[in-house]
Amino acid sequence: MTESLPQLITALREELKHYGEMLALLDQQQESAMARLTEELLRSVTMIQAQAEAIQAARRHREAAQRAVARELAVAEASTFAEILPLLPADYRPLVQHLVEENNDLLQTVRQRARQNHLLLSRSVELMQRFLSALFPMHDPQVYTGRGTRPASPLAARPLYEAVG
């Protein structure tokens with residue numbers, strides 16, 4: 001326990017740090033979308049994807065540290081924190097419990113903000129599609145029939161610009 005518990009605490013802190021960085025990126029993305037800063041918005045997508053990968057790596061590292069602690073406690077490696085916490089030395093329990101709770105709370109906040117951003121961006125795309133449909137009404141519909149085919153356009157296509165004279 002002398003080595004695995006400090007590694008678990010470090011892994012929990014690292015995971016918490018990555019969730020905080022993701023939340024900051026999502027906030028930044030939301031601000032860019034609201035301010036219509038297209039280039040920043042596109043850049044934020046790349047940064048969010050990279051941060052998601054960093055979170056996955058931190059989570060895998062924490063899960064490995066959690067399994068190591070479980071092995072040292074002689075419980076199943078798949079044991080949850082609820083099962084592990086009562087078995088930890090008393091002086092470590094509050095710290096580990098607090099880190100787990102903070103990670104869970106921040107994860108929930110990140111998920112909520114990601115959903116908000118998804119809705120915001122989806123609505124922006126929907127409005128742009130409506131604009132394009134109004135601008136180019138002859139555009140083929142993007143809807144499929146019950147047989148999985150797209151309906152034929154009822155009107156013959158006309159040139160975008162018809163010259164007079």
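Begin by selecting Ser4 in this predicted model, and, setting aside the neighbours within four places in sequence, look for the residues that Ser4 is in contact with, which are Ala68, Val69 and Glu72. Keep Glu72 displayed together with Ser4, since the side chains of these two residues make a polar contact at 2.9 Å. If you then turn on a surface, Ser4 counts as buried, because its relative accessibility is 3% and the cut-off for buried is under 20%.

Next, widen the selection to residues 4-34, which form helix α1, the helix in which Ser4 has its place.

From α1, add residues 38-72, which make up helix α2, and view the two helices together: they pack at an angle of about 165 degrees, with their axes 8 Å apart. An angle over 145 degrees counts as roughly antiparallel, and α1 and α2 are therefore described as roughly antiparallel to each other. Where α1 and α2 cross, the crossing is left-handed, and colouring their contact by residue class will show 20 nonpolar, ten polar and six charged residues.

Now hide α2 and select residues 93-135 instead, which form helix α4; α1 and α4 pack at an angle of about 20 degrees, with their axes 9 Å apart. Because angles under 35 degrees count as roughly parallel, α1 and α4 are roughly parallel to each other. Following α1 past α4, you will find a left-handed crossing, and the contact between α1 and α4 holds, by class, 20 nonpolar, seven polar and five charged residues.

Technical notes:
Residues numbered from 1 in each chain as written. Predicted model: local features only at pLDDT ≥ 70, side-chain atom pairs only at ≥ 80, totals over all residues. Heavy atoms only, no water. Helix = DSSP H or I, 4+ residues; strand = E, 2+ residues; numbered from the N terminus. Buried < 20%, exposed > 50% of the residue type's maximum accessible area, 1.4 Å probe, protein only. Polar contact = N/O pair within 3.5 Å; in protein donor to acceptor, adjacent residues only side chain to side chain. Contact = heavy atoms within 4.5 Å. Axes fitted to C-alpha atoms, helices over the stretch in contact; angles between N-to-C directions. Parallel < 35°, antiparallel > 145°, perpendicular 65-115°, else oblique. Left-handed = near helix turned anticlockwise from the far one by under 90°. Nonpolar A, V, L, I, M, F, W, Y, C, P; charged D, E, K, R; others polar.
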